[in-house]
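Here are some exercises to work through with the model open beside you. Try each task before reading its solution.

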Amino acid sequence: MKIIKSDGNRLVAYVKKRDVEILFTMKEFISPNFFEEKSIVNGDVNSKGYYKIRDPENIRYLKQLPYIADYNVLSNMDIFSLNSLEGNMSFNLQKLILLFDSDEEFSSSTFAFLNSISCIDKGVVTYLQKSTLPKDQERAEFALKQQVRCYNYSIREMIYKKNLIEAEKREEEKEEKKLTLRKVFRKIKGKLKN
């Protein structure tokens, strides 16, 4: 996930370590300048597992990557919308795997499907479309699957976080009800003694 915000009078970005690891797996489709970011070079990850990105060019680049989910967008979604999105992405990933594992030639409907997936980098789709070497096609196919996995993992992480928060709220409410009932029983018990 990514978080882009102001830090004083400068714009900074934070990107999850796991996402950077995924970017390394498809390095040929990523701006080389991104991997030169000081925090990434030094392996400086904060306590929440994020690299801090300071280079304005890298912030702009990160901002436009559709498969690195925006933390604020996901956190503003309700649990039902997140579950629906996760189901959709899981379906797309399964369809991608079947599509890329088949021996059939790619058709225009294949590329229309690929371009319909919101979290896919359309530049990689174009690269796949123009590729003639099997090795290049395989690398593009791998990158596209990685992009959907990356995005879907962030959705699942947010679902988990929201479920955890909801469970904690329910537990607090349960404890509050127990305390209220104890107070009521004490009052009743006190009135019965009198």
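**Exercise 1. Find which residues of helix α7 are buried, and work out how they are arranged around the helix axis.**

Solution. Keep in mind that this is a predicted model. Begin with the span of α7, which is residues 122-130; within it, Val124, Val125 and Leu128 are buried. Next, look down the axis of α7: the buried residues fall within an arc of 105°, so they line one face of the helix. Then ask what lies over them. The cover includes α5 (79-101), α6 (108-116) and α8 (134-193). Finally, go to the start of α7, where a side-chain oxygen of Asp121 comes to within 2.9 Å of the backbone nitrogen of Gly123.

**Exercise 2. Decide whether Arg18 is buried or exposed, and list what it touches.**

Solution. First locate the residue: Arg18 sits in helix α1, residues 17-25. Its relative accessibility is 16%, and the cut-off for buried is under 20%, so Arg18 counts as buried. Now gather its contacts. Leaving out residues up to four places away in sequence, Arg18 touches Met1, Cys150, Tyr153, Ser154 and Glu157. With Glu157 there is also a polar contact between the side chains, at 2.9 Å.

**Exercise 3. Determine how many disulfides the model has, using Cys119 and Cys150 in your reasoning.**

Solution. Recall what is being sought: a disulfide is a covalent bond between the sulfur atoms of two cysteines. The test used here asks for cysteine sulfur atoms within 2.5 Å. Start from Cys119: the closest cysteine sulfur is in Cys150, 8.6 Å away, which is too far for a bond. From the other side, Cys150 is in no disulfide, with the sulfur of Cys119 as its nearest cysteine sulfur. The count is therefore zero disulfides. As for surroundings, Cys119 is buried at a relative accessible area of 0%, and Cys150 counts as buried at 0% relative accessibility.

**Exercise 4. Describe the protein chain as a whole: what are its elements, and how does its radius of gyration compare with that of a compact globule?**

Solution. Count the elements to find eight helices and three strands. Reading from the N terminus, their order is β-β-α-α-β-α-α-α-α-α-α. For the overall dimensions, a compact globule of 194 residues would have a radius of gyration near 16 Å, whereas the protein chain has 24 Å. The C-alpha atoms fill a box of roughly 95 × 45 × 25 Å along the principal axes. To finish, check the burial: 38% of the 194 residues count as buried.

Notes
Residues are numbered from 1 along each chain as its sequence is written. This is a predicted model: local features need pLDDT of at least 70, side-chain atom pairs count only at pLDDT 80 or more; totals for chains, interfaces and linings use all residues. Side-chain values use heavy atoms; hydrogens and water are left out. Buried means under 20% relative accessible area, exposed over 50%, partly exposed in between (1.4 Å probe, protein chains only). Helices (H or I, at least four residues) and strands (E, at least two) are DSSP runs, numbered from the N terminus. The arc is that of the directions from the helix axis to the C-beta atoms. Contact means heavy atoms within 4.5 Å. A polar contact is a pair of N or O atoms within 3.5 Å; within protein, one must be able to donate a hydrogen and the other to accept it, and residues adjacent in sequence count only if both atoms are side-chain atoms. The radius of gyration is taken over C-alpha atoms; the globule rule is 2.2 Å times the number of residues to the power 0.38.
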